[in-house]
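Here's a quick tour for anyone meeting this structure for the first time. Have a look at it before reading on.

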Amino acid sequence: MFSKEIFGERLAEIRKKNHETQAGLASLLGCVKSHVSEMEHGKKTTTAEKIALICEHYHVASDYLLGLSDDPSPRRDEGEKPRE
């Protein structure tokens, strides 16, 4: 089940692991730093489009970010080439 708290914890963990600031992520998403902070503290979520951007940017599965899976690896189709 989706949880804003898990989403926030995982977002903060992934962002920090990639040595990125809240301001840097906010710039990517086209929002303000305080929105990123509120997401990381489990107070807000964001749009599907921005979740997709986050997943592409950090190379994580959306199910992991949303707390629906414990596997952070994004799935690939059989014919899809791995990212370089």
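## Around α3

Right after helix α3 comes G42, and its phi is positive, about 75 degrees. The helix itself runs over residues 33-40, and its buried residues are H35, V36, M39 and E40. Look down the axis of α3 and these buried residues sit within an arc of 135 degrees, so they line one face of the helix. If that spacing looks odd, remember that an α-helix has 3.6 residues a turn, so residues three or four places apart point the same way.

And what do they pack against? The partners of the buried α3 residues are α1 and α2.

## Around α4

Now move along to α4, which spans residues 48-58 and has I51, I54, C55 and Y58 as its buried residues. They take up an arc of only 95 degrees around the axis, which puts them on the same side of α4. Their cover includes α1 (4-17), α2 (22-29) and α5 (62-65).

There's a positive phi after this helix too: H59 follows α4, with a phi near 55 degrees.

## How far to trust it

Keep in mind that this is a predicted model. The protein's average pLDDT is 90, and 89% of the residues score at least 70. Among its elements, α3 has the highest mean pLDDT, at 98, while α5 has the lowest, at 94. As a rule of thumb, where pLDDT is low, the predicted coordinates should not be read in detail.

Technical notes
Residues numbered from 1 in each chain as written. Predicted model: local features only at pLDDT ≥ 70, side-chain atom pairs only at ≥ 80, totals over all residues. Heavy atoms only, no water. Buried < 20%, exposed > 50% of the residue type's maximum accessible area, 1.4 Å probe, protein only. Helix = DSSP H or I, 4+ residues; strand = E, 2+ residues; numbered from the N terminus. Arc of directions from axis to C-beta. Contact = heavy atoms within 4.5 Å. pLDDT = per-residue confidence, 0-100.
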